[in-house]
Amino acid sequence: MGLFLLLSLLLLLSCLQAGSSAECDPSTNYGIKQPDRLSAPKGGSVRIPFSFYHDWELAKDPRVSVAFKRTHFHGQFIYNSTQTFIHKDYKNRISLELPVGQRTGSLQISNLQEKDENIYFCRIQVETLRCGKKVWQALEGTKLTITPALKTTTTAPTTTAPTTTAPTTTGPTTTGVGDLEDSKSSTSSVLSVEAAVGVALAAAVLIIAILGLILYLRRKKSKGKWFQAMPSTKLPY
């Protein structure tokens, strides 16, 4: 009975060891994906995206570390998140974006210079649960091309003459020249009619006066003749 239990424990340990060996096999599926080529203008900025994958079970604290190399697979490190390292050529111009627990991120390079044209390789490091520390790197990398700076067209400022707006008043409305001419012509017409009526009235009065005078003179003349025709009579003394 004791021998049977011992054999069972040995069999269980060998199975666990075999499973662990299979999980830690170097041929385990893992890798990094990066774009083959990118381009950006001088003075601008660029994001080099990356994503990584693996089949290992990570430790409770996986301590994911991202690093980048340049030029070739075994080239210089330009960035390392674990050591907080930034190459002097990229001081204050480089930053990493990788949300916690995610496997997709990007490395941004700002204020691009001609010397930044190079090949960039992403490198990942994690702590696994049973296989210890694992490190792997992209094989091809991303070729970054720096293009000429974008030309900015300077446009001469255009000046617009100030628009003068006449103040709005609530008083009498100011009429235009046309309105004044119309008003003058209307007034002239009224005055002409009034003048004609006045002249006509004056003429009528004058005619009446002349006729009256003629009648008066005629009457006086005829009265004088009548006195002359009367016989003179002597009064008795």
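Student: A pocket is an open set of points on a 1 Å grid over the protein atoms alone, with protein on both sides within 12 Å along at least five of seven lines, and lining residues have an atom within 4 Å of a point. Which residues line the largest pocket?

Tutor: Phe52, Leu58, Pro62, Val64, Leu98, Pro99, Val100, Gly101, Gln102 and Arg103. Keep in mind that this is a predicted model, where local features need pLDDT of at least 70, side-chain atom pairs count only at 80 or more, and totals for linings use all residues. Residues are numbered from 1 along each chain, and side-chain values use heavy atoms, without hydrogens and water.

Student: How much space is in there?

Tutor: The largest pocket holds about 210 Å³ (the space filled by probe spheres set on the points).

Student: And what's the lining like by class?

Tutor: Seven residues of the largest pocket's lining are nonpolar, two are polar and one is charged. Gly counts as polar here.

Student: What about the second largest pocket, how much space there?

Tutor: About 150 Å³. Its lining includes Tyr30, Gly31, Ile32 and Lys33, along with Trp136 and Gln137.

Student: Which strand gives the largest share of that lining?

Tutor: S1 does, with four residues (strands are DSSP runs of E, at least two residues, numbered from the N terminus). The second largest pocket's lining divides into five nonpolar, four polar and three charged residues.

Student: New topic: where is Ile207?

Tutor: Ile207 sits in helix H2, residues 177–229 (helices are runs of H or I, at least four residues).

Student: Why does Ile207 count as partly exposed?

Tutor: Because its relative accessibility is 49%, and partly exposed lies between buried, under 20%, and exposed, over 50%, with a 1.4 Å probe and protein chains only.

Note on methods: On a 1 Å grid over the protein atoms alone, a cavity is a set of points where a 1.4 Å probe fits but cannot get out, and a pocket is an open set with protein on both sides within 12 Å along at least five of seven lines; lining residues have an atom within 4 Å of a point.
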